[in-house]
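I opened this entry to look up strand pairing, the nonpolar core and internal cavities. The notes follow in the order of the lookups.

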Amino acid sequence: MSDKDASSPTGPSPPLASPPTPLRISFPFLREGSRVWERERKPPQPGGELPSPLPTKRTRTYSATVRAKSGPVFKGVCKNFSRSQGHGFIRPVHGGEDIYVHVSDIEGEYVPMEGDEVTYKVCPIPPKMQKIQAVEVVITHLKPGSKHETWSGQLISS
């Protein structure tokens with residue numbers, strides 16, 4: 001066999017050469033230092049808001065829930081509560097620092113208002129466990145002469 005036999009019937013083909021510049025295919029998820037993997041595991045919060053560091057009824061650990069349920073029941077008065085923000089504060093009857101309460105920890109059908117008498121249990125707030133949060137909050141007496149709202153949005157005068 002000769003070289004002439006190996007050529008194509010249309011004539012000799014041009015020699016193969018590499019491209020003048022190497023091709024660069026870049027995938028951002030393959031680059032070192034890229035944070036795409038982290039973003040895939042934890043989707044961004046809507047509106048750019050950071051998640052709350054305070055434990056809610058849903059995110060509280062089982063052991064913290066058990067400790068709170070076994071604790072004593074305290075009495076207090078609702079100092080303020082914002083339904084739109086989802087939290088408020090309770091002023092203890094025995095005095096002391098106001099206690100934070102999250103919307104998920106309120107039992108019953110009424111939205112608490114300033115002056116409502118409540119009972120509650122306490123749970124420490126992580127990570128330092130120095131402050132406390134009210135859990136299992138129950139409105140015992142509605143403030144007389146005020147209009148109360150139910151969680152469904154109905155207004156009821158007391």
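How many bridges join β3 to β6, and do they run parallel or antiparallel? I found two bridges between β3 and β6, and the strands run parallel. Strands here are DSSP E runs of at least two residues, numbered from the N terminus, and two strands pair if DSSP finds at least two bridges between them.

Before going on I noted the basis. This is a predicted model, in which local features need pLDDT of at least 70 and side-chain atom pairs count only at pLDDT 80 or more, while totals for chains, interfaces and linings use all residues. Residues are numbered from 1 along each chain as its sequence is written, and side-chain values use heavy atoms, with hydrogens and water left out.

**Strand β3**

I looked up what stands opposite V101 and found A134 in β6. On the other pairing, β2 and β3 run antiparallel and are joined by four bridges. H87 has H102 of β3 as its bridge partner. The hairpin of β2 and β3 has six residues between the strands, and G95 takes a positive phi near 90° there.

I then checked burial (buried means under 20% relative accessible area, exposed over 50%, partly exposed in between, with a 1.4 Å probe and protein chains only). Both faces of β3 are covered: I99 and V101 are buried on one side, Y100 and H102 on the other.

**Core**

I listed the largest nonpolar core (buried Ala, Val, Leu, Ile, Met, Phe, Trp, Tyr and Cys residues joined through side-chain atoms within 4.5 Å). This core has 12 residues, among them I99, V101, I106, A134 and V137. β1, β3 (99-102), β5 (117-124) and β6 (132-141) each give two or more residues to this core. The largest share, three residues, comes from β6.

For I106 I looked up contacts (heavy atoms within 4.5 Å). Leaving out residues up to four places away in sequence, I106 touches F81, V101, P112, V137 and W151.

**Cavity**

I searched for cavities (sets of points on a 1 Å grid over the protein atoms alone where a 1.4 Å probe fits but cannot get out; lining residues have an atom within 4 Å of a point). Grid points are joined across faces, edges and corners, and a volume is the space filled by probe spheres set on the points. I found one cavity of 30 Å³ or more, and the largest has a volume of about 30 Å³. Its lining includes C78, N80, F81, V101, I106 and V137. β1 (74-82) and β2 (87-92) are the elements that give two or more residues to that lining.

How values were computed. On a 1 Å grid over the protein atoms alone, a cavity is a set of points where a 1.4 Å probe fits but cannot get out, and a pocket is an open set with protein on both sides within 12 Å along at least five of seven lines; lining residues have an atom within 4 Å of a point.
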